[in-house]
Amino acid sequence: MTVTSNEERAIIRTLLDNCSAGMTDMVPDVGYAPVTNYTDPERLTQEISVLFRRFPIVVGHVEQLAEPGCFITHNTTGVPILVTRNRKGELKAFMNVCRHRGMRVANEPCGKAAMFTCPYHSWNYDLDGRLRGMPQPDGFESIDRESLGLVSLPAGERFGLIWVRPSAGDEVFDLDAWLAPMAEQLGSLRLEDYTIFRSWSVESDMSWRLALEGFLESYHFCSAHKHTACAAYLDNQSVFLDLYPHVRHAVPLPKALELGEQAPESWDYRPNFMTQNYLFPCNFAQVMTDHVYIHSIFPNGPGSSVFQCMMLVPEGPMTEKAERYWNSNYSVVETVFGEDFEIGQKIQAGLDAGANEHFVFGRYERGLHLAQKAIDDALEGRLTAAAVS
Ligand code: FES
Ligand SMILES: [Fe+2]
């Protein structure tokens, strides 16, 4: 049995109260989202420069950087990123951009290295990003090598995940403060003990915002996922916690109703809920009853996006049966996500038709309201990573 927190008890209580009253978790009124949120190239430019530069993005799992010399690269924010574990065991992140003439110095998704040699003219950098040398250095005698190290990015490891802010600069970057509203839950998962079973990415012809919104309500489950997720969860009974700027979206399994017949002291949250945690601005920790998906969504131009996902399991499969079990979970989720993406692409294809100036967010599509507010706050300067600390 897992430990059930006070926050989780409150979710269970809300669910049981809602169900016995024939209600669902709702905001006071419907909301409206301008369709230009999904189409306007200028808005996208602003979203990239604010949301995808000034806030922490999940770029990997600590397992990938287990030892000194391990590195990962990440290319979907628009800033090429290199993360290393240096000789002292510290995590370091850099722009993966050579200071000579801009080539990516590391070109594998992950690996182990003592030195990074740029493929263009072989300038080389160590795990701390310092420029160590170059062929035929007499052509560069007057340069200041110290100042030509790889450009550092703020980074940290928390809750088993690697977080990077994809811009340099001195603005406050306090990951603990930023993640504080989610700390109790993410800490209890002990994701640092998990292992990556699969990681994959999907490119789609839809705005990153459409992809994001697919995880912020469960009203669509019994239409869009009629033959998959519908039967697995209570229909449109999500409970949302406003953990601003993040959102905890708790989706109950049908058996969660049996908790009403148990003493609250014996309630066990995890086997009874799937939780889609929105970690502002573009990350999700989707917690299943016995494994976890970490996904992030990135714009790839107007009307186009990339979804990146890691499937984390408590331990690597030791038997064929375990391998089959995790593979079958992966196939289900790939099918369900595929259903979302197909719908998202069809929505995007119709946006320019002009049928809608606004989309309508229902009262129980509460995650949409909460995420949109946080995004608008950031774009309009009311939310900064520093402001949360
Ligand atoms: S661009 Fe890297 S060595 Fe020239
Ligand atoms: Fe969905």
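Here is a walk through this structure, from the overall outline down to a few unusual spots in the backbone. Keep in mind as you look around that this is a predicted model.

Let's start with the whole chain. Its secondary structure comes to 9 helices and 20 strands, so there is plenty to look at. Along its principal axes, the C-alpha trace spans about 80 × 55 × 40 Å. Is the radius of gyration what you'd expect for a compact globule of 389 residues? The chain has 22 Å and the expectation is near 21 Å, so the two agree. Buried residues make up 41% of the chain. Now think about which parts of the sequence meet in space: among contacts with a separation of 6 or more, 64% are between residues 24 or more positions apart.

Next, the domains. The domain assignment splits the chain into domain 1, made of 6–53 plus 175–388, and domain 2, which covers 64–164. Notice that domain 1 is written as two stretches, and that the numbers of domain 2 fall between them. The C-alpha centres of the two domains lie 33 Å apart. Where they touch, 14 residues of domain 1 are in contact with 9 residues of domain 2. On the domain 1 side, α3, β18 and β19 (305–313) each supply at least two of the touching residues. Which of them gives the most? That's α3, with 5 residues. Sorted by character, the touching residues of domain 1 come to 11 nonpolar, 2 polar and 1 charged.

Now find helix α7, residues 320–351. This helix has 32 residues and reaches 46 Å from its first C-alpha to its last, close to the 46 Å expected at 1.5 Å a residue. Which residues of α7 are buried? They are Val333, Phe337, Glu339, Asp340, Phe341, Gly344 and Gln348. These buried residues pack against β13, α4 (208–213), α5 (221–224) and β18 (292–299). You've met β18 already, as one of the elements on the side of domain 1 that touches domain 2.

Time for some backbone oddities. Most residues other than glycine have a negative phi, and most peptide bonds are trans. Two peptide bonds here are worth a look with that in mind. Tyrosine 244 and proline 245 are joined by a cis peptide bond, with omega about 5°, and proline 245 sits in the loop between β14 (239–243) and β15 (246–252). The bond from phenylalanine 280 to proline 281 is cis too, with omega near 10°. Proline 281 lies in the loop between β16 (273–279) and β17 (283–287).

As for phi, arginine 190 has a positive value of about 55° although it is not a glycine. You'll find arginine 190 in the loop between α3 (175–189) and β13 (195–204). Arginine 190 counts as exposed because it has 11 C-beta neighbours inside 10 Å, and the cut-off for exposed is 12 or fewer. Glutamine 136 also has a positive phi, near 50°, and its place is the loop between β9 and β10. With 8 C-beta neighbours inside 10 Å, glutamine 136 counts as exposed.

Finally, stay in that loop between β9 (131–133) and β10 (152–153) and look for glycine 139. Is it buried or exposed? Glycine 139 has 9 C-beta neighbours inside 10 Å, so it counts as exposed. Its C-alpha is separated by 43 Å from that of arginine 158, 19 residues apart along the chain.

Conventions:
Residues are numbered from 1 along each chain as its sequence is written. Chains are lettered from A and ligands numbered from 1 in the order in which they are written. This is a predicted model: local features need pLDDT of at least 70, side-chain atom pairs count only at pLDDT 80 or more; totals for chains, interfaces and linings use all residues. Helices (H or I, at least four residues) and strands (E, at least two) are DSSP runs, numbered from the N terminus. A residue is buried if 20 or more other C-beta atoms lie within 10 Å of its own, exposed if 12 or fewer, and partly exposed in between; C-beta atoms are placed from the backbone. The expected span of a helix is 1.5 Å times one less than its number of residues. Two residues are in contact if their C-beta atoms, placed from the backbone, lie within 7 Å. Domain bounds come from an automatic or database domain assignment. Ala, Val, Leu, Ile, Met, Phe, Trp, Tyr, Cys and Pro count as nonpolar, Asp, Glu, Lys and Arg as charged, and the others, Gly among them, as polar. The radius of gyration is taken over C-alpha atoms; the globule rule is 2.2 Å times the number of residues to the power 0.38.
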